[in-house]
Amino acid sequence: MQKFFGFLKSTIDFIRIIIMFSVLMLLLQWIEHLTNSQWAWLNFIRPVLNFFLAIGELISKESVNVAGALFEYKYGIAVIIMFLLHFCANGLTSLIETAEDKCDDVRRIINKNAENSYNKKLYNEHAALQKKINKYCISVHTSLKKKFSHEELGYNIDEQNKIMNKFLMEKTGISPTFFEGGFLYQFDYFDEIDKILDYFFKLIKSDLPLNYSICVQIEDGNKENAYNQIKQLVSLKLENKIVMLSDTVFRYKYKSAHRYGTSQVGLFQKGDSTIEVHEFVEI
């Protein structure tokens, strides 16, 4: 369509140039007529000029004598007709540009609808794939808060861990396993993660004398890979946050409803690779 409209506009521009050139030639022929000359070099365009003069003569055959020169009205009328054609060509160019704009609008709408349709299809495909990922695990590592770490205060981290695990087991119905010096809870229904996160946020906000390093990781069909990823998070020792990697964030976005938001914690260098860490935040 762009080539088509470009061709039309180029054609009309060419016609406008021909019209203005013809006006110039007609004026020269008029001078030739007034001076009773005979310019052979005008012969190539005389048929065109004579055509317009014939139209002018049909409109008026009158003339006027000025200083001994006979001015025939048909010449003036022919010039006016040519300028009218030039004006019409300008108007036609404007119409073509308007039509081109309308076609561009239609094309943009069609492309936008096609893009939206494709994005929706892509989203549905991603959603279907992400919905298949249901298993996930949450690790918890603890340390005594500095103000409770003095021996004379009598706080024992093992006893505090028992209190914590008792609370979590009662709420989640899951028994933990030992993992990297902490505890690992494994779950089977990711779409229910918000309810589980409620309990872990209660831990962070509780009056227990513990700092909590809590890490969430989905299991995308490869338990060993999930364990390696959560080990990376554990090694960062980000306390009193519920953190995860970007693949878990991506899975969380495909839940039908969200009780929590997510926020990027930062980028961390682990060996030769860089990991992107996010955290759950209360809305």
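Biologist: Where does aspartate 198 lie?

Modeller: In this predicted model, aspartate 198 is part of helix 5, which covers residues 193–205.

Biologist: Why is aspartate 198 called buried?

Modeller: The cut-off for buried is under 20% relative accessible area. Aspartate 198 has 19% relative accessibility, so it counts as buried.

Biologist: Which residues is aspartate 198 in contact with, leaving aside its neighbours within four places in sequence?

Modeller: Those are Arg259 and Tyr260.

Biologist: What makes the pairing of aspartate 198 with arginine 259 a polar contact?

Modeller: A polar contact needs a pair of N or O atoms within 3.5 Å, one able to donate a hydrogen and the other to accept it. The side chains of aspartate 198 and arginine 259 are joined by such a contact, at 2.2 Å.

Biologist: Let's turn to glutamate 276. Is it buried, partly exposed or exposed?

Modeller: Glutamate 276 sits in strand 9, residues 273–282. Buried means under 20% and exposed means over 50%, with partly exposed in between. The relative accessible area of glutamate 276 is 31%, so this residue is partly exposed.

Biologist: Which side chains make polar contacts with the side chain of glutamate 276?

Modeller: Glutamine 264 does, at 3.1 Å, and so does histidine 278, at 2.7 Å. Not counting residues up to four places away in sequence, glutamate 276 also touches several others, among them Met244, Leu245 and Ser246. Gly266 is on that list too; its C-alpha atom is 6.1 Å from that of glutamate 276, although 10 residues separate the two along the chain.

Biologist: Now the helices. How do you know how helix 2 and helix 3 are oriented to each other?

Modeller: The axes of helix 2 (residues 46–59) and helix 3 (residues 73–131) come within 8 Å and cross at roughly 110°. Angles of 65 to 115 degrees count as roughly perpendicular, so helix 2 is roughly perpendicular to helix 3. Helix 2 contributes residues including Leu49, Phe52 and Ile59 to the contact, and helix 3 contributes residues including Tyr75, Ile81 and Leu85. By class, the residues of this contact are 11 nonpolar, 1 polar and 2 charged.

Biologist: And why are helix 1 and helix 3 called roughly antiparallel?

Modeller: Helix 1 (residues 2–34) packs with helix 3 at an angle of about 170°, their axes 10 Å apart. Angles over 145 degrees count as roughly antiparallel, and therefore that term applies to helix 1 and helix 3. Their contact has 20 nonpolar, 8 polar and 5 charged residues.

Note on methods
Residues numbered from 1 in each chain as written. Predicted model: local features only at pLDDT ≥ 70, side-chain atom pairs only at ≥ 80, totals over all residues. Heavy atoms only, no water. Axes fitted to C-alpha atoms, helices over the stretch in contact; angles between N-to-C directions. Helix = DSSP H or I, 4+ residues; strand = E, 2+ residues; numbered from the N terminus. Parallel < 35°, antiparallel > 145°, perpendicular 65-115°, else oblique. Contact = heavy atoms within 4.5 Å. Nonpolar A, V, L, I, M, F, W, Y, C, P; charged D, E, K, R; others polar. Buried < 20%, exposed > 50% of the residue type's maximum accessible area, 1.4 Å probe, protein only.
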